[in-house]
Structure formats: C-alpha cells, structure tokens
Amino acid sequence: MRKFFIPNLIMALFLAGLLVSVIPASAFGASIKDDFTIAWKQFHALSKNKKKAQYRSEWEKVGKKFRNVFKRSTRGHYAPKSLYYLGRTYEELGNRSGIKKDFRTAVDYYGRMISNFPSHQWTDDSIFRRAEIRLRKLHEKDLAYSDYLTIVHRYAKSDMYSKARARLDSMDRKGAKGKSKHKKPSGTIIPAKKASSKSSKRSSSKAKLLSVRYTSSETYTRVVLDLDEEVRYRYQILNPNQSVNRPHRLYIDLENTVLGNGVHKATHVADGILKDIRSAQRDPRTTRVVLDFNAMQDYKIFPLENPFRLVVDVQAPEEGKVVENKSPVRHSAPKRSKSKPQKYTPPANSKKMAGELLEQLGLTFKTIMLDPGHGGKDPGAAANGLKEKNINLRFAKILAAKLKKAGFTVMYTRTNDKFIPLEERTAMANIKKADMFISIHCNAHRSSKINGIETYTLNLARNRNAVRVAARENAVSAKRISDLQVILTDLMLNSKMKESKDLANNIHTRSLQNIRRKWKVKDQGVREAPFYVLMGAKMPSVLIELGYLTNRTEAKRLKTDRYLSYIADGIVKGVLEYKKQIERYASL
C-alpha cells in the first residue's frame with residue numbers, strides 16, 4: 001500500500017497545479033491589482049494592434065475592465081488609475097471613431113479623476129489630456145486654456161508643467177484670451193496684474209491693508225482682506241502641531257504693503273471654526289495676516305477687484321456629519337412559511353425617517369436666501385427713470401411673499417437700500433445654511449432694442465454676451481473676466497453646478513411660460529458666467545436678469561407690480577418643480 005501512496009500523491013499534486021494554471025485568476029477571486037494589471041496590458045496591446053483597434057467593441061471591453069476595477073474600490077489605490085485609463089480608453093476610441101461623444105466621455109472620466117483625486121501623481125496628466133481634447137477635438141479653447149493654467153499654477157513641479165506652459169504661450173501668441181499671470185500654488189508669490197495708468201502714479205508708495213473682515217460658523221468661514229490697491233501676495237498653510245499648541249494655521253504675506261490704522265492687530269473669534277486673526281508688519285515692506293482655525297478640511301484663496309481684496313474660504317471637516325441610526329437593523333435569514341405572502345406595509349414612521357435622511361443628505365430644502373442685487377452707493381443699471389437696485393428689492397419682496405405662501409422660509413441679504421459687498425452675500429447664505437440662493441438683477445445694454453429675460457449659473461463665460469453681463473455685475477472690465485476664469489477652476493469643483501443648472505432651467509422655463517400668458521417676451525436663455533456673487537456658494541445658486549432697463553417697453557413693464565408678480569409666480573413654479581425632482585425619492 002505504501003508503495004503506491006507517494007507516486008499517487010505526486011500525481012495528484014501535479015494535476016492540481018495543472019488545473020490551477022489553466023483556470024483564470026478571476027475564478028479564485030483575483031485581487032484588484034491583478035484585474036488592473038490585466039486591463040492595463042490589454043489596453044496597451046490593443047493600442048499597438050492596428051487591426052483590432054479599429055473595432056469599437058474591443059475598446060469597450062477594455063473600458064469595462066477598468067470600470068469594474070474602479071467599482072470594486074472607488075477610493076482605493078487603483079481607483080484614480082482606473083479613471084485615468086478610462087479616459088485614455090475613450091480618447092483612443094475617439095481618435096479612431098472621430099465621434100465627439102467619445103471625446104466627451106473621455107473628458108468626463110478625466111474630470112472625475114481630477115475632482116476625486118486632486119493630489120494624485122497622475123492628476124496633472126489627466127488635466128493635460130483633457131485640455132488637449134478640448135483644444136484639438138472639441139474646439140473649446142477657453143476651457144482648454146483654463147486647464148493649462150491650472151497645471152501651471154497648481155502643479156508647477158509636475159512633469160506636465162513645461163508642456164502646459166508651452167501651450168499657453170502658443171495660445172497667447174495667437175491672441176487667445178487670458179493672461180499668464182494668475183494664482184500660484186500654495187507658498188509661492190502671486191503677482192499683481194500690470195498696473196494701470198492710475199495706479200502707476202502710486203507705484204513708488206506702499207499699498208495699505210485697510211481692514212480684515214470675517215464671517216464664521218461651525219462649518220464655514222469667509223475672511224476678506226481689503227486693500228487700497230492691487231498687491232503681490234504669498235500664502236502658506238501650516239498643519240496643526242500639538243507639541244507646540246499650534247492649530248491649523250494659514251498665513252498671508254502682502255508685499256509692499258503697510259498695516260492700516262483701522263486694522264486690529266489681534267482678534268479673538270469666539271464662534272465657528274475661526275479661532276484667531278493676527279495682523280502685523282513683518283518687515284518694512286511686508287504685512288502678514290495669520291488665521292488660526294479650530295478645524296480645516298479645505299480652503300480657497302482668490303482675489304476680487306474694484307476695490308481690490310483677497311477672499312479666504314475655509315470649510316470644516318465633515319466627520320461630525322454622521323447619519324444617526326437610532327434603530328439598529330439586524331439582517332437574518334427569513335423563516336419559511338406555507339402561508340400566502342402578505343402585502344408589504346412600511347413602518348409607521350417610514351415617511352418621517354425618509355424625510356430626515358433626505359434632509360441629512362442635502363436632497364431637500366426649506367430655506368431660500370434672496371439677494372436683491374446692488375444697493376446703497378451701488379445703484380446698478382439706470383435707464384428710463386429707473387434704478388436697478390430699487391427694482392431688485394421690490395421684486396425680492398414680491399417673490400418672498402409668494403415663496404412663504406408656498407411653504408418656504410425666506411431670508412434676505414438686504415431688506416433696505418444698503419450696500420453689501422458681493423463676497424458677503426454668498427457668505428451670508430453659507431453661514432445661515434440656506435438651501436438655495438437666488439440673486440436678483442435687471443439688465444442693461446448699449447442698444448435699446450435688446451430685451452428679454454435670462455438666467456445664469458456659475459461657470460466659465462462661453463460667449464460675448466455672458467462676458468458683458470458678468471463684467472457689469474462684477475463691476476470690472478470685460479478684459480478682466482478672462483483672468484477670472486482661472487480662479488473659477490479652483491472653485492467649480494466645490495460648487496453645486498449640476499444642481500444649479502437644473503434649478504436655473506426650471507426657473508427660467510416656468511417664468512417664461514407664466515409671463516407669456518399676458519406679454520410677449522424674448523427668451524435670452526439659460527447661460528453661464530463667472531459671477532463674484534455666486535462664487536463659493538455651498539448650495540444651488542442662480543442669478544436672474546428680470547429684463548433690460550435700457551429697453552423702453554421692458555422698463556415700462558418692470559415699473560409695475562403686476563408684471564413683477566407674473567415673473568415671481570413663474571419662479572415659484574420653477575422652484576417647486578425643482579423641489580419635486582430632488583424629493584422624488586421620498587415616495588419610495
């Protein structure tokens with residue numbers, strides 16, 4: 001018996017090894033790394049196989065493999081690489097098919113990689129490849145320019161820097177909009193734009209830090225540094241150090257600047273995540289502002305102008321926002337029964353629980369912040385005996401009454417003829433945790449023939465009219481809007497852009513329908529532009545242009561409460577329609 005035991009055992013082991021070698025790894029539960037490696041090899045093999053590469057199905061097979069890797073662990077080590085290669089896959093497919101939809105799919109995957117993994121070593125490659133597609137395949141020069149700028153100013157040490165720099169120089173030589181002097185990465189100098197003839201007279205003197213303003217809550221802080229002219233600045237974030245009792249710290253150095261008499265050298269902030277503000281003259285040419293935070297998850301710094309100021313937005317960590325499950329749920333195998341299955345009856349409090357969950361997930365809203373544009377020393381547009389600031393406020397009160405009747409809580413950025421800086425308006429909505437932000441304006445144009453209503457959301461300006469409107473509402477020149485595009489690339493990732501666009505479409509469509517019951521009105525469409533007043537909003541936000549004061553017929557209508565009431569009714573219908581869309585899950 002013993003004689004045959006060893007040979008049989010060896011033979012069994014041999015057969016087992018042979019069996020393992022022919023069975024795919026996936027049958028034994030291949031690792032994510034193995035799956036990614038297989039997909040990676042197939043991608044590169046397909047790229048070199050001219051015959052197979054002509055077939056869409058081959059690329060879709062590879063894309064499916066990368067997609068499966070990503071789904072297995074959406075925040076894992078191979079998640080960003082899978083998104084990157086999904087972009088590559090559809091980019092290669094687009095190169096062979098020539099179909100724009102394939103290129104847009106590639107852009108979408110690159111965008112998801114960029115937004116979800118901004119610090120990954122392949123992120124700069126994703127931005128560059130997205131820019132190349134936008135420039136050469138989709139002919140979206142402004143968006144491509146913005147991508148190249150992002151690499152130059154946020155990924156200055158990456159291997160894509162020189163390529164992006166070359167693209168910008170080439171586009172500038174060809175007369176593309178935008179200049180190359182924009183925001184630098186953390187810890188580097190941000191140069192001021194070229195001095196105007198007015199400011200050049202003061203170049204020998206120093207700029208002055210006039211004030212440091214702040215608005216703070218448990219989850220959000222906005223700090224504004226007011227200066228009397230544009231300056232170069234640098235900033236650096238310091239992580240907390242418990243051994244020396246140092247909290248999250250952000251310092252900003254303002255070059256060729258002196259401390260103004262109205263600036264407090266030390267301010268203790270008792271509320272919110274902002275702890276302390278300290279301002280000092282670091283040396284004869286540099287003023288330093290130090291911000292200490294109790295907590296910090298993300299921050300953004302961007303300049304606004306006319307007058308020049310720096311805005312600092314800080315977001316608190318979201319760790320505390322945990323959905324509390326008061327009733328533990330246990331999963332067990334169901335008991336078999338011969339009786340007929342009974343109709344399912346949801347728990348008595350299921351609707352209440354669903355409503356609470358929707359609220360916690362940000363899928364419902366009750367509070368709307370209305371922002372009557374302009375006010376006080378800023379009249380806005382003025383024509384045909386009307387001032388925009390007065391029409392905006394009157395309309396806001398008409399709209400508020402209708403929204404309250406529909407069951408919403410309404411707040412205002414202003415209720416009287418008061419001037420409020422643009423950056424404070426969005427901050428109010430963030431601090432009050434409004435669920436929606438609606439900024440109200442009237443339009444103007446050199447030609448008195450132009451008329452109609454239009455609705456805007458925050459994004460890059462895509463046509464001359466959007467640039468013109470943004471320049472007027474931001475109180476800057478149209479030339480400076482191109483400078484604003486690069487600032488916007490930093491802010492767009494955190495803005496509720498998709499939600500805002502859906503809201504704008506609903507409001508615009510319903511407003512037009514309601515007005516056209518009585519009057520003929522031109523549809524100027526739903527558009528996108530970089531508005532200061534919408535920057536940094538943490539909720540769906542839109543800017544409504546009620547009509548053109550420079551058009552005599554439209555100005556005459558805007559004088560009357562009856563016409564404004566029709567617009568307001570349409571907006572309420574649009575808001576309710578949007579509310580119904582996002583709360584559709586409550587009925588499940």
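The questions and answers below concern salt bridges, a nonpolar core, a surface patch and backbone angles in a predicted model.

In this predicted model, local features need pLDDT of at least 70 and side-chain atom pairs count only at pLDDT 80 or more, while totals for chains, interfaces and linings use all residues. Residues are numbered from 1 along each chain as its sequence is written, and side-chain values use heavy atoms, with hydrogens and water left out.

Reader: How many salt bridges does the structure hold?

Author: Side chains of opposite charge can pair when their charged atoms come close. A salt bridge is a side-chain nitrogen of Lys or Arg within 4 Å of a carboxyl oxygen of Asp or Glu. By that criterion the number of salt bridges is 27.

Reader: Which residue meets Glu91 in a salt bridge, and at what N to O distance?

Author: Glu91 lies in helix α4 (residues 79-97) and its partner in helix α6, 38 residues apart, so the pair links distant parts of the chain; helices (H or I, at least four residues) and strands (E, at least two) are DSSP runs, numbered from the N terminus. Glu91 is buried at a relative accessible area of 10%, where buried means under 20%, exposed over 50% and partly exposed in between (1.4 Å probe, protein chains only). The partner is partly exposed at 25%. The residue is Arg129, at 3.2 Å.

Reader: About how far apart along helix α4 are Arg96 and Glu92?

Author: The side chains of Arg96 and Glu92 meet in a salt bridge of 2.8 Å, N to O. Arg96 is partly exposed at 37%, whereas Glu92 is buried at 15%. Because the two are 4 residues apart in helix α4, their separation is about one helical turn.

Reader: Is Asp292, the salt-bridge partner of Arg278, buried or exposed?

Author: The N to O distance between Asp292 and Arg278 is 3.0 Å. Asp292 is in strand β9 (residues 286-293) and Arg278 in strand β8 (residues 274-283), 14 residues apart. Arg278 is partly exposed, with a relative accessible area of 33%. For Asp292 the value is 5%, which means buried.

Reader: Which element gives the most residues to the largest nonpolar core?

Author: A nonpolar core is a set of buried Ala, Val, Leu, Ile, Met, Phe, Trp, Tyr and Cys residues joined through side-chain atoms within 4.5 Å. The largest has 44 residues, of which Phe395, Leu399, Ile438, Leu546 and Val575 touch the most other members. Elements that each supply at least two residues include β12 (367-372), α11 (388-405) and β16 (436-443). The most, 10 residues, come from α17.

Reader: What is the phi of His139?

Author: Most residues other than glycine have a negative phi. His139 lies in the loop between α6 (123-136) and α7 (141-154), and is exposed at a relative accessible area of 58%. Its phi is positive, near 55 degrees.

Reader: Where is Asn384 found?

Author: Asn384 is not a glycine, yet has a positive phi of about 50 degrees. The residue is partly exposed, with a relative accessible area of 33%. Its place is the loop between β13 (382-383) and β14 (386-387).

Reader: How far apart are the C-alpha atoms of Ala427 and Val533?

Author: Ala427 is in helix α12 (residues 422-431) and is buried, at 1% relative accessibility. Along the chain, Ala427 and Val533 are 106 residues apart. Their C-alpha separation is 9.3 Å.
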